[in-house]
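Student: Could we go through this structure together and check each label against its rule?
Tutor: Gladly, let's begin.

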Amino acid sequence: METYAFEVLVKRMARSFQLSLRILPSSIRSTLTLAYMLARASDTIADASSAPEFQRLALLRALPDFYPEKSPDLGLQGDEKDLVKRLPELLEVLKTLPDAPAVVEAWRVILRGQIFDIERFRPTESGETASPLSPEELDEYTYLVAGSVGEFWTRICCQHILGYSLKSLEELLPTARRFGQALQLVNILRDRRSDADIGRVYIPDQRFYAEMEHVGELLTAGDEYTSSVLPRMLRAASALPLDLARRTLALVAEHPLGARVKVPRYRVWIALIRAMLR
């Protein structure tokens, strides 16, 4: 698969995130785009609830080393089906990438989180839904699937972009981790009702306001991280998801009963312009 082909897939499947990817320098764009698509493909497999659990777990545990050329029927449709079908091609592209070891290392951590997600929310022996995540489990889960991504992004940028930040890599990594966790927590708060409908309670109602306050505190790591990034376009690539996360969190606060919210498309473009001027 040519690089442009999976970048087209990103545009179709992650319209907001692909704006951040588009403004990255070419030296890191392919690595970060491919890493995103691999993680998104395995996440799609994990969430394919119409497929048997054992099948999804077997596929995830085989990655990143193997995925069948003939994609099994997971009951997917549209772009999700196309993405998973193309996973063997993405793995072939990965082999040609100079940053492949770093991508594989980061993806293994994400896969641990995706496998944990399936196993943790198995129905109990009596058929009841699993209990909500504890605060400690939530912290671990958000690290595996998102905090680790912030660390990976930072390592790649520091490796390839001279003068990426005012801070050293060692100083940046804890901030990058908290920033990534904050973005994931915003998504969890936004989707909490639809997740609960399928038996996945990441944040119970009694912890809703506490977690709203907690994620607001975590998002300050995004301010700290973004303000330390020196290249303007890379600073914009971090500022955009931070701005959208805050807008989403404000909408969640307006709908505490759990109606799913979404930042309007025109607001996304405004946020991009603001990020580039930051």
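Tutor: What follows is a set of questions on the side chains and the rules behind their labels. The model is predicted, so local features need pLDDT of at least 70, side-chain atom pairs count only at pLDDT 80 or more, and totals for chains, interfaces and linings use all residues. Residues are numbered from 1 along each chain as its sequence is written, and side-chain values use heavy atoms, with hydrogens and water left out.

Student: Why is the pair of F116 and Y141 called tilted?
Tutor: Rings of Phe, Tyr and Trp (its six-membered ring) pair if their centres lie within 6.5 Å; planes under 30 degrees apart count as stacked, over 60 as edge-to-face and the rest as tilted. F116 and Y141 are 6.2 Å apart centre to centre, with 35 degrees between the planes, so the pair meets the distance rule and falls in the tilted class. F116 lies in helix α7 (residues 100-120) and Y141 in helix α8 (residues 135-160), so the pair ties together parts 25 residues apart in sequence. Helices here are DSSP runs (H or I, at least four residues), numbered from the N terminus.

Student: What makes Y141 buried and F116 partly exposed?
Tutor: Buried means under 20% relative accessible area, exposed over 50%, and partly exposed in between (1.4 Å probe, protein chains only). Y141 has 8%, so buried is the right word. F116 has 23%, so partly exposed applies.

Student: Which residues form one aromatic cluster?
Tutor: F116, F121, Y141 and Y202 do.

Student: How do you know that R120 lies over the face of F121?
Tutor: The rule asks for NZ of Lys or CZ of Arg within 6 Å of the ring centre and within 35 degrees of the ring normal. R120 is at 5.6 Å from the ring centre of F121, and is listed as lying over its face.

Student: Why is C157 in no disulfide?
Tutor: A disulfide is a pair of cysteine sulfur atoms within 2.5 Å. For C157, the nearest cysteine sulfur, that of C158, is 7.0 Å away, so the rule is not met. The count for the structure comes to zero disulfides. C157 is buried at 0% relative accessibility, whereas C158 is partly exposed at 27%.

Student: What makes E119 and R61 a salt bridge?
Tutor: The rule needs a side-chain nitrogen of Lys or Arg within 4 Å of a carboxyl oxygen of Asp or Glu. In E119 and R61 the closest N and O atoms are 2.3 Å apart, so the pair qualifies. E119 lies in helix α7 and R61 in helix α4 (residues 53-62), so this pair ties together parts 58 residues apart in sequence. Side chains of opposite charge can pair when their charged atoms come close.

Student: How many salt bridges are there by this rule?
Tutor: The count comes to 17. One of them joins R177 and E151, at 3.1 Å from N to O; R177 is in helix α9 and E151 in helix α8, 26 residues apart. E151 is buried at 8% relative accessibility, while R177 is partly exposed at 28%.

Student: Where do D243 and R247 lie?
Tutor: Both are in helix α12 (residues 232-254), four residues apart, about one turn of the helix. Their side chains meet in a salt bridge at 3.0 Å, N to O.

Key: Helices (H or I, at least four residues) and strands (E, at least two) are DSSP runs, numbered from the N terminus.
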